[in-house]
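User: Got a minute to walk me through this one? I'd like the overall picture, then some residues.

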Amino acid sequence: MTNILIIGATGSVGSVTRQYFLGNTDDHLTLMARSTARLGKLSDRERAVSGSVTDATALQDALKGQDVVFAALSGNLAGMAKSLIAGMDEAGVKRLLFIASMGIYNEIPASLGASGNLRSNPMLQGYRNAADAVEASDLNYTVIRPGWFDNGGDTDYQVTKKGEPFGGHDVSRQSIADLVMRLAHDDTLGSRDSLGINRK
């Protein structure tokens, strides 16, 4: 049994990951969101913490007793990543699984439409800045770079490492949740690496 903190638990990836963990593990979940009312009824393996990752007090409350942090954030990603890293350092929590985006390393091959790369899509800069902050930390991190996610019920995916060309356009949220579950239960898998994930 692992204690998992899901930050961004009401977002599309966070909510699917929550349900995936409840259905496939006996882990205990702490769900952090700005509006915890949107979480609905909690199971006996869940607790909710209201607040933002930039609220140091709320973050420390959420981090108590955690083994793994999964962050699926939106907004000022670099600022949030830095706040989260500082909070994890203070709490002594080392394992971070952080959602970024495909294309931040210009790893999308021309055959997939290289316009999805950072050099041609400046909207990806925030994801790159956040990933850079995570990679500069002393945490046992895995940066996860998904393709465009959809509601497919499959877990048919492939993983690529930093420096390898990305494998495909899209991926199901379920596949992301499956990868997060695997990473959460093996702290050597994807350790201090950046993993792309796409549908096979």
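Analyst: Here come the ground rules, then the fold, the pocket and a few residues.
This is a predicted model, where local features need pLDDT of at least 70, side-chain atom pairs count only at pLDDT 80 or more, and totals for chains, interfaces and linings use all residues. Residues are numbered from 1 along each chain as its sequence is written, and side-chain values use heavy atoms, with hydrogens and water left out.

User: Fine. How many helices and strands in the protein chain?
Analyst: Five helices and ten strands. These are DSSP runs numbered from the N terminus: helices are H or I with at least four residues, strands are E with at least two.

User: What's the radius of gyration?
Analyst: It is 16 Å for the protein chain, which agrees with the value near 16 Å for a compact globule of 200 residues. That radius is taken over C-alpha atoms, and the globule rule is 2.2 Å times the number of residues to the power 0.38. The C-alpha box is roughly 45 × 35 × 30 Å along the principal axes.

User: And what percentage counts as buried?
Analyst: 53% of the 200 residues. Buried means under 20% relative accessible area, exposed over 50%, partly exposed in between, with a 1.4 Å probe and protein chains only.

User: What share of contacts is long-range, 24 or more positions apart?
Analyst: 65% of the contacts with a separation of 6 or more. A contact means heavy atoms within 4.5 Å.

User: Pocket time. What volume does the largest one have?
Analyst: About 590 Å³. The search runs on a 1 Å grid over the protein atoms alone; a pocket is an open set of points where a 1.4 Å probe fits, with protein on both sides within 12 Å along at least five of seven lines, and lining residues have an atom within 4 Å of a point. Points are joined across faces, edges and corners, and the volume is the space filled by probe spheres set on them.

User: Which residues lie nearest its centre?
Analyst: A72, L73, S74, G75 and Y127, out of 33 lining residues. By class the lining has 18 nonpolar, 13 polar and two charged residues. Gly counts as polar here, and the charged class is Asp, Glu, Lys and Arg.

User: Which element supplies the largest share of that lining?
Analyst: α1, with three residues. α1 (12–24), β2 (28–33), α3 (77–91) and β7 (148–150) each supply at least two.

User: Switching to α4. What do its buried residues pack against?
Analyst: α3, β5, β6 (140–146) and β10 (193–199). The residues concerned are A130, A131, A133, V134 and E135.

User: Now E107. Buried or exposed?
Analyst: E107 is buried, because its relative accessibility is 8%. It sits in the loop between β5 (95–99) and α4 (125–135).

User: Which backbone nitrogens are at 2.9 Å from its side chain?
Analyst: A polar atom of the E107 side chain lies 2.9 Å from the backbone nitrogen of G103. Y105 offers its backbone nitrogen at 2.9 Å too. A polar contact is a pair of N or O atoms within 3.5 Å; within protein, one must be able to donate a hydrogen and the other to accept it, and sequence-adjacent residues count only if both atoms are side-chain atoms.

User: And N151, buried or exposed?
Analyst: N151 is exposed, at 69% relative accessibility. Its side chain makes a 2.7 Å polar contact with that of R173.
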